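This briefing concerns aromatic pairing and the burial of side chains in one protein chain. Please consult the sequence and the structure while reading.

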Amino acid sequence: AYDYDGYEGYEGYGQSDGRALYFVGAPYEMSQEKLRNLFQEYGTTTRFWLFRLPDGRSRGQGLVEYSTAEEARYAVHYLHGRRIGDRTLKVQEDQVGALDQD
């Protein structure tokens, strides 16, 4: 159900091991650094991508990977449904396994 077209490295094959999360609804004006810092409040992030439009503006969605599945579940519990500015963050396990690539 995710559209990774046009994003190199997001072919979407493989299976998630529970450490990778997909998020949508982040404020468009929030920087990648601030978003990553927000996710790091709930565990150690090992990879983070903020999807962008061709002109460089944020799409308000992306992928984050935690060092453990427990940290990822903790982040979902505390971040899913959280209001940030005028948007509501939606966070869930990355079911397509887009991060499970070499």
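The points below cover the aromatic pairs, a charge over a ring, and a helix with its surroundings.

The model is predicted. Six aromatic pairs are counted in it. One of them joins phenylalanine 23 and phenylalanine 48, which are stacked with ring centres 5.6 Å apart and 20 degrees between the planes.

**Aromatic cluster**
- The stacked pair links distant parts of the chain, since phenylalanine 23 lies in strand β1 (residues 20-24) and phenylalanine 48 in strand β2 (residues 45-52), 25 residues apart.
- Phenylalanine 23 is buried, at a relative accessible area of 0%, and phenylalanine 48 is also buried, at 7%.
- Phenylalanine 48 forms a further pair with phenylalanine 39; this pair is tilted because the planes stand at 55 degrees, with the ring centres 5.9 Å apart.
- Phe23, Phe39 and Phe48 together make up one aromatic cluster.

**Charge over a ring**
- Arginine 87 is placed over the face of tyrosine 28, at 4.1 Å from the ring centre.

**Helix α1**
- The buried residues in helix α1 (residues 32-40) are Leu35, Leu38 and Phe39.
- These buried residues line one face of the helix, because they fall within an arc of 95 degrees when α1 is seen down its axis.
- Glu33 and Lys34 are exposed on the other side of α1.
- The elements covering the buried residues of α1 include strands β1 and β2, the latter being the strand that holds phenylalanine 48.
- Also included in this cover are β3 (58-66), α2 (69-79), β4 (83-84) and β6 (90-93).

Key:
Residues numbered from 1 in each chain as written. Predicted model: local features only at pLDDT ≥ 70, side-chain atom pairs only at ≥ 80, totals over all residues. Heavy atoms only, no water. Phe/Tyr/Trp six-rings, centres within 6.5 Å; stacked < 30°, edge-to-face > 60°. Helix = DSSP H or I, 4+ residues; strand = E, 2+ residues; numbered from the N terminus. Buried < 20%, exposed > 50% of the residue type's maximum accessible area, 1.4 Å probe, protein only. Lys NZ or Arg CZ within 6 Å of the ring centre and 35° of its normal. Arc of directions from axis to C-beta. Contact = heavy atoms within 4.5 Å.
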